Amino acid sequence: MDKWLNHPTALKIISLVIGILMWAVVHFDSEKTPSTVATLTETRDIDGVQIQPVGMDDKNYALRLLDPEGVHLTVRGSRSDLLLASHNSDYEVTVDLSQATEGRMVVPVKVHLPRGLELIDAQPSSVTVVLERLLTKEFVVQINTEGTPGKGYKVGMPLVKPNGRVHVTLPSDEMDEVAFVGGTVSVDGEEETVNDKKMKLVALDKNGNELTDAVINPSVVEVEVPITKPFKKLPLQVNFTGSLPEGVAVSTFKQSVDAVTIYGPQEVIDKYEFYDALTIDLSQLKQSGTMELDVKPGKDVASVDPATVTFEYTIVPAQTKLIPKLPVTIIGLSDGLKAKVTLPETATVDATISGAPNMLAQIGAKDVQLVADLSGLGPGGHVVPLDMHVPRFIGQAGSPLSVTVTITDGTAAPPAGAQTDGSTPASGQPVADSSTDANANPSTGTGNASGGANGASDTGKDAPADTQPPSGNAGSRNGTQEIPPDENPANGNP
């Protein structure tokens, strides 16, 4: 017996019998007939598998419709394979749009199943797609600011880098809806320029809704928002001191700018009507040339632009010109007094002026004013010096001028046989009516104006900033009366 069991053939037979018995135990169902065997495969339904479009020319077309967007799959496979593919994402359903063109079309779906599974059915088997052609259009970037900068500061015009223009790509049916391409920058509390701030651009319709389909190129730009003090542009007034050297005159005088811009608090710059921070010493102008002067900010002014001004001037030998029979303007006469020029008898004066030939050629009697200031003088005869008011760079030549003025009490009754103007005729001849009735023309004593030797000029706050020579009569006539020459009174009335 032992020899038989140890024989190789016997061992093989025994192993075969044991294997058959084990198989029968596993697959035999006592409640069924021996021919019934458990199946090895199962069927499963997969709902809502998302359809993915592939192959579309997205540079020229936009997918406007995919209907439906999901499919229902019925698959079959072993229990273990189905267990491994238990998620919808394990199933791939696509539609090929590589040959699709603009418009509506029906495209079949393609199903790609996990390994070991078999497709039984796909519903629907095709879908409807609509493609819209894309358009590209150039737009100017618009930058909005929000918030309030620091006290007294103002927001300037935003600058977009690199060039402020971008391209927007949209389906043709949406392009006309674009009303804004840009973004918003906060400047709240800022006191310095906002530099190189990166900002993502958006496209909005007229209602402020974002057009999410818009493709903007470039989609991100750099923005610079200037933050500045309030500013004001003002005429530039140039002041002159001193006198030109003897025998020379200014023929031309040009400045690089006629106006400057000042920056500072609003309440400060509102007080300025012109800017007069520059002064030129005429005694230093000995020959033709140029000079550059710094424009210094005034009190409480933050800065001035430009910071320098250049002047070009031409110096030539001076000449003289006689202006005959100039009337005399009287200022400063007290109330209740009358005045008349008694010497010269014509009440006119010949004046000699000096300057460059080209400027003298433009000067006439209307451009020269002789002023007699009677401030503080009472009744009686007085020799009064004359102030000559002339345009810039024109000066008085020769000896100082003066006139004799007789002042009378305009409120006293005239003596018998006397003129009603308070004067007495000489040798029985009528006297030229050159009296001034202070009651009728009260003087304010404000008649002084620019003038002086070689055209050195006053520069009061009320003077215009851009006056260029020659500029006409520079004297003020408020509170004054001009004494006309050779005018006789009518019927003895002043």
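An open sheet of four strands, in the order 21-18-20-23 and with mixed pairing, is found in this predicted model. Strands, like helices, are DSSP runs numbered from the N terminus (strands E, at least two residues; helices H or I, at least four), and two strands count as paired if DSSP finds at least two bridges between them. Strand 21 (275-281) and strand 23 (303-305) occupy the edges with a single partner strand each, so one side of each lacks a neighbour in the sheet. From one strand to the next, the twist averages 35°, where axes are lines fitted to C-alpha atoms, for helices over the stretch in contact, and angles run from 0 to 180 degrees between N-to-C directions. Within this sheet, strand 18 (residues 231-241) and strand 20 (residues 259-263) are joined in the antiparallel sense by five bridges, and K232 lies opposite I262 of strand 20.

Strand 28 (residues 369-373) is mostly covered, four of its five residues being buried; buried denotes under 20% relative accessible area, exposed over 50%, and partly exposed in between (1.4 Å probe, protein chains only). Strand 28 runs parallel to strand 25 (residues 319-331), to which four bridges join it; A372 of strand 28 is the bridge partner of I330. Four bridges also link strand 28 to strand 29 (residues 380-389), here in an antiparallel arrangement, with L370 opposite M388 of strand 29. Six residues separate the two strands in the hairpin of strand 28 and strand 29, in which G376 adopts a positive phi near 80°.

Strand 26 (residues 337-343) is likewise mostly covered, with five of its seven residues buried. Strand 26 runs antiparallel to strand 31 (residues 402-409), and six bridges join the two. The bridge partner of K340 in strand 31 is T406.

For the protein as a whole, the secondary structure comprises six helices and 33 strands. Of the 494 residues, 36% are buried. Contacts (heavy atoms within 4.5 Å) between residues at least 6 apart in sequence join residues at least 24 apart in 77% of cases. The exposed area is about 28,100 Å², of which carbon and sulfur atoms supply 51%; accessible areas come from the Shrake-Rupley method with a 1.4 Å probe, and for residues only the protein chains shown count as cover.

Residues are numbered from 1 along each chain as its sequence is written, and side-chain values use heavy atoms, with hydrogens and water left out. As the model is predicted, local features need pLDDT of at least 70 and side-chain atom pairs count only at pLDDT 80 or more, whereas totals for chains, interfaces and linings use all residues.
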